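Please open the model in a viewer and keep the selection panel at hand. The tour proceeds one selection at a time.

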Amino acid sequence: MICYQDLALRKKIIIQQKKSKNKNKDKWLMMLFISVFVVNTGYFALSVSRTLEAALMANRIAYLGSVFLPLCMLVSIMNVCRAKHKKWMLGILIGVSIAVFLIAASQGYLPLYYKEVSLIFVNGMAKLSKVYGPLHSVYLIYLIAYFGMMLGTIVKAFASKRSVPYKHAYLLLIIVLLNIMIWGVEQLVYTDFEFLSISYIV
């Protein structure tokens with residue numbers, strides 16, 4: 001519990017430092033930090049929940065940050081690679097993100113994302129025991145699709161021989177791939193701790 005709280009507070013401090021030092025920097029990068037803070041706040045709230053309803057609400061908060069993370073990272077990579085994007089495309093991506101969040105937020109209401117869900121306690125911390133529903137794979141497809149768009153953006157910029165800081169773009173891409181791998185492992189292997197909360201700090 002203390003670990004989750006520490007992660008959330010650390011991310012809040014990072015956000016405040018970024019605001020003070022980079023007021024004129026990329027707003028999408030700032031939204032990325034805010035999304036990570038929301039995710040870790042949700043994880044912390046889940047760990048201290050004492051009822052299933054509270055735990056599900058905390059999990060929804062975590063997903064609220066999670067679904068917008070790939071969007072923020074994609075736009076940040078596009079900005080780093082100086083790739084142009086139209087407003088209508090951004091509108092579609094935001095709409096898809098909202099749709100994915102609504103699917104994930106259906107937990108506890110509809111058997112779409114989770115068929116069954118219950119609250120358990122491990123070492124004093126709350127954790128959801130889940131049976132995945134028919135639309136649970138939508139989130140994985142969503143993450144992979146964003147990873148493909150990020151990779152495509154970098155490859156296109158490289159092919160066009162643009163003078164851009166590729167190291168920053170590659171770093172963001174590696175972080176996304178790492179998070180997808182950790183998320184996938186957590187779906188297959190039972191753990192007492194949400195390792196994504198640590199990987200997001202990276």
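Begin at Gly124, which has a relative accessible area of 49% and therefore counts as partly exposed, since that class ends where exposed begins, at over 50%. The model is a predicted one. Gly124 sits in the loop that links β1 (114–122) with β2 (125–132). Now add Val48 to the selection: its C-alpha atom is 8.5 Å from that of Gly124, although the two positions lie 76 residues apart along the chain.

**Helix α5**

Next, select residues 137–159, which make up helix α5. How far apart are its end C-alpha atoms? They are 33 Å apart, which agrees with the 33 Å expected for 23 residues at 1.5 Å a residue. Colour the buried residues of this helix: Tyr139, Tyr142, Leu143, Tyr146, Phe147, Met150, Thr153, Ile154 and Ala157. An α-helix has 3.6 residues a turn, so residues three or four places apart point the same way.

**The largest nonpolar core**

Keep Tyr139, Tyr142 and Tyr146 highlighted and add Tyr63 and Leu71; these five have the most contacts inside the largest nonpolar core, a set of 34 residues. Which elements give two or more residues to this core? They are α2 (27–47), α3 (52–80), α4 (87–104) and α5. The largest share, 11 residues, comes from α3.

Centre the view on Leu71. Leaving aside residues up to four places away in sequence, Leu71 touches Trp28, Leu90, Leu93, Ile94, Ser97 and Tyr146. Apart from this core lies another, of 7 residues; select Leu46, Leu56, Ala58 and Leu128, which are among them. In soluble globular proteins, nonpolar side chains tend to be buried together.

**Ser35 in helix α2**

Move to Ser35, a residue of helix α2. Is Ser35 buried or exposed? Its relative accessibility is 8%, so Ser35 counts as buried, the limit being under 20%. Show its neighbours as sticks: with residues up to four places away in sequence not counted, Ser35 touches Gly65, Phe68, Leu69 and Cys72.

**A nonpolar patch on the surface**

Finally, switch to a surface view and select Met57, Ile61, Tyr109, Leu110 and Leu112. These residues form a nonpolar patch on the surface, and together they have about 470 Å² of accessible area. Within the patch, pick Ile61, whose place is in helix α3. Ile61 has a relative accessible area of 32% and is therefore partly exposed.

Key: Residues numbered from 1 in each chain as written. Predicted model: local features only at pLDDT ≥ 70, side-chain atom pairs only at ≥ 80, totals over all residues. Heavy atoms only, no water. Helix = DSSP H or I, 4+ residues; strand = E, 2+ residues; numbered from the N terminus. Expected span 1.5 Å × (residues − 1). Buried < 20%, exposed > 50% of the residue type's maximum accessible area, 1.4 Å probe, protein only. Core = buried A, V, L, I, M, F, W, Y, C linked by side-chain atoms within 4.5 Å. Contact = heavy atoms within 4.5 Å. Patch = residues over 30% accessible without salt bridge, like charges linked within 9 Å, V, L, I, M, F, W, Y side chains within 5 Å. Areas by Shrake-Rupley, 256 points an atom, 1.4 Å probe, with all protein chains shown as cover. Salt bridge = Lys/Arg side-chain N within 4 Å of Asp/Glu carboxyl O.
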